[in-house]
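Thank you all for making time this morning. Please take a moment to look at the sequence and the structure before I begin.

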Amino acid sequence: MTYNDFFNLAKEKGLDKVQITEETVIGSETIVLNDSLEDYSTINKITYSVKAEKNNKTEKISTDYLDQTIIDLLIEKLDSTDSNYQDTYLENKKTLEQNKDINITINKEVERLKEFNKLKSKYKHITNIENYYAESYEKTKIINNLNTNISTDSHTYKYIVEATAKENDKIANYSKSILVTNKEKIDFEQLANIAMERAELSLNKQKLETKKYSILLDSSVVSSIISRIAAMLSSELIRQKISCLANSLNEKKFSNKLTIVEMPQNRTYPGYTIFDNEGTTTINKKIIDKGIIKTYLYNNKEANLENVDSTGNGYDSISTRNMYIEPTTKSLEDIIKSIKDGIYVTDFMGAQNTAISCSTGNISLQIFGFIIQDGEIVSSFTPCIMTTTIFELFSNIEEIASDLTFEKKTSASPSILVSNISIAAE
């Protein structure tokens, strides 16, 4: 059934407005363990989200196909609902990304990753090296019966390497991950070597003292923390007065060194999109500028409630694309060399919704990583607890590195060095 056929039939059956969001995903992924291919799969799939209005009420359905049964289900839901929910529908909007031929093949990468098994010979205790590699093309199209037909796409490459080290009865793992829009920017061998070096270092653990430390937070850790800041800046949580950043607009809350931007229209980053899931044009913007909160994040619903414009952050929930802390030109290696006595946090454990509280800003994480002495990583440390707040953490910034790294489309960060953070040894 064509879109026009679907819209015409929906009109005949009494639906006033109908809007379809089409999601196309084409991709391949593989797992290579040592020199063996463990898994190889491809995907070529189209899914739809359909919403319709009748008598000023809107309902939605997700589906893998379009036919009369979808229209009948929408009508059944609209007729039976007591909700007065009204949604927005795009009108007279046409913005199409240039269509291009997509041909995804990762055979060369598979063979290259098998060769990494030879790298293990440089390391005494490495038993396994597991490589995950994926290439994915995604396209989102929104079309309706109000003269709207828009689309946006992205093409990304993801690499994850995990090394396993074993010595007697001790086993340790370490992984590195990266998501890019240009696979030439992935230094596969360098990431594999880092994973193996740090897996071996992780075999020998020292217990930390309970005290305050200078802490180098890895880019992946900071990315997870600032994704919670995005949640705190959600206009829905602000309206409900359950965010610790309520009533903070245009106020200085953090260090002058902290600037967080969102750049959804920068195609060089993996979260590129010209509109959000509601069809609102996305905006490149500063969310926090030199410690000052510059904007809250809105979808259409929250924007309508406050009579303001949406900021283009309407996804499945209020969220971001290509949000990151602005990096500097100082390398991570130079920052490590500058640390006389500190720790390098490379991973953490804890449910983000409770370990990083939106309502209070409190942070309590079980952390993992390495000890730095006289500018060198000397060993790993036994798991311990880092307790702080977003206000303390991002007010105590000493250095921000240049290693801006994306692992997901929503947020990213360079590594940052912070001072005087409490660590409790377990």
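**A walk through the model**

Ile225 counts as buried, because its relative accessibility is 0% and the cut-off for buried is under 20%. I should say at once that what you see is a predicted model, so please keep that in mind as I go on. Ile225 belongs to helix α5, which covers residues 219–232, and its C-alpha lies 8.3 Å from the C-alpha of Ile390, although the two are 165 residues apart in sequence.

Let me turn next to the strands. Strands of a sheet pair through backbone hydrogen bonds, and the pairing can be parallel or antiparallel. Here strand β1, residues 17–33, and strand β2, residues 36–54, are paired in the antiparallel sense over 17 bridges, and if you look for Thr30 you will find that its bridge partner in β2 is Tyr40. The hairpin of β1 and β2 has 2 residues between the strands, and Asn34 takes a positive phi near 55° there. On the other side of this story, β2 also pairs with strand β3, residues 57–63, again in the antiparallel sense, over 7 bridges, with Lys60 in β3 as the bridge partner of Lys51. Between β2 and β3 there are likewise 2 residues, and Asn55 in that turn has a positive phi of about 55°.

Further along the chain there is an open sheet of 6 strands with mixed pairing, and its order is β12-β11-β10-β13-β19-β18. Which strands stand at the edges? They are β12 (292–293) and β18 (405–406), and each has a single partner strand, so one side of each is left without a neighbour in the sheet. For β12 that partner is strand β11, residues 285–289, which runs antiparallel to β12 and is joined to it by 2 bridges; in one of these, Asp289 has Ile292 as its bridge partner.

Now I come to charge. Side chains of opposite charge can pair when their charged atoms come close, and in this model the count comes to 19 salt bridges. I will show you three.

In one of them, the side chains of Lys77 and Glu59 meet with 3.7 Å from N to O. Lys77 lies in helix α2 (residues 68–80) and Glu59 in strand β3, so the pair ties together parts that are 18 residues apart in sequence. Lys77 is partly exposed at 33% relative accessibility, whereas Glu59 is buried, with a relative accessible area of 16%.

Another joins Arg267 to Asp153, with the closest N and O atoms 2.6 Å apart. Because Arg267 sits in the loop between β10 (260–262) and β11 while Asp153 sits in strand β6, this pair ties together parts that are 114 residues apart in sequence. Asp153 counts as buried at 4% relative accessibility, and Arg267 counts as partly exposed at 36%.

The last of my three is Lys340 with Asp374, whose closest N and O atoms are 3.5 Å apart. Lys340 is exposed, and Asp374 is exposed too. Salt bridges can also share partners, and in that way Lys51, Lys60 and Asp87 are joined into one network.

Finally, please look at the surface, where Glu38, Asp39, Glu130 and Glu162 gather in a patch of negative charge. Glu162 has its place in strand β6, residues 148–167, and at 33% relative accessibility Glu162 counts as partly exposed.

Thank you for listening.

Technical notes
Residues numbered from 1 in each chain as written. Predicted model: local features only at pLDDT ≥ 70, side-chain atom pairs only at ≥ 80, totals over all residues. Heavy atoms only, no water. Pairing = 2+ DSSP bridges. Helix = DSSP H or I, 4+ residues; strand = E, 2+ residues; numbered from the N terminus. Patch = residues over 30% accessible without salt bridge, like charges linked within 9 Å, V, L, I, M, F, W, Y side chains within 5 Å. Areas by Shrake-Rupley, 256 points an atom, 1.4 Å probe, with all protein chains shown as cover. Salt bridge = Lys/Arg side-chain N within 4 Å of Asp/Glu carboxyl O. Lys, Arg positive; Asp, Glu negative; His and termini not counted. Charge placed at Lys NZ, Arg CZ, Asp CG, Glu CD. Buried < 20%, exposed > 50% of the residue type's maximum accessible area, 1.4 Å probe, protein only.
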